[in-house]
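Visitor: Could you take me through a single part of this protein at close range? I'd like to see one strand and the pocket beside which such elements may sit.

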Amino acid sequence: MKGLRLAFLFLVLLDAALVYLNHRREHAHDDDSYLQTLEHTLACADWQTYEDPDLGYAMRYPSCFMPAEAEGDSSVRFAYVEQLPLRSIVYITLDVTTEVCRDTLNPYHEMRQRAQDIGGVCLRKSPTEYLMTARLKSRDPKVTAYRLQAKYVLKQRLWFVETLIYPADFAPAMHRLADEVNAWQPFP
């Protein structure tokens, strides 16, 4: 009798494992199809322009992004938020912040140090423009890591910073947004 119970329990556990593996196999490509949908959405999106009434900078963002709560008075944020089939909610944010430029003889050294502090890389485009990229750790176990791409532009002792943050797995769909950040000119 005891052997029969153990056999029954074993079969129930085996059945549960097979159901789980079958579900994983059926949905294994959900993220891939989501990436294709996201890439298509971004490629076909109309672009909107935000102009800051106080500081005068402008930024472009895809129409599928919505205004989101920003950190502080001197920033604006737009986000694309989606619930993925096999993941938690994924955020892709595009925002602009401003910060006062410290008196420094070598802004490139300061930018390199900032990039190094977050494990990133800094590229100097000109004495007043810098690009920064980094891979950021994720606290969400369902998102392996995030990518950060930022462009710093110095004007009148202020750094204007446009930042794009997205799940690292979504890099193939982010080319258009990444190109927009690289080419960003806050004062056209």
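Guide: Happily; here is a walk along strand β8, ending at the largest pocket. The model is predicted, so local features need pLDDT of at least 70 and side-chain atom pairs pLDDT 80 or more, while totals for chains, interfaces and linings use all residues. Residues count from 1 along each chain as its sequence is written, and side-chain values use heavy atoms, without hydrogens or water.

β8 covers residues 145-155; strands here are DSSP runs of E with at least two residues, numbered from the N terminus. Eight of its eleven residues are buried, meaning under 20% relative accessible area with a 1.4 Å probe, protein chains only.

β8 has antiparallel partners, where pairing requires at least two DSSP bridges. With β7 (residues 129-137) there are nine bridges, and Lys137 is matched with Ala145 of β8. With β9 there are ten, Lys155 standing opposite Leu158. Two residues lie between the strands of the β8 and β9 hairpin, where Gln156 takes a positive phi near 50°.

Now the pocket: an open set of 1 Å grid points, over the protein atoms alone, where a 1.4 Å probe fits, with protein on both sides within 12 Å along at least five of seven lines; lining residues have an atom within 4 Å of a point. The largest pocket holds about 270 Å³, the space filled by probe spheres set on points joined across faces, edges and corners. β8 is one of the strands supplying at least two lining residues, though β5 gives the most, with four. Of the 14 lining residues, Glu71, Arg77, Asp95, Thr97 and Thr163 lie nearest the centre.

Conventions:
Buried means under 20% relative accessible area, exposed over 50%, partly exposed in between (1.4 Å probe, protein chains only).
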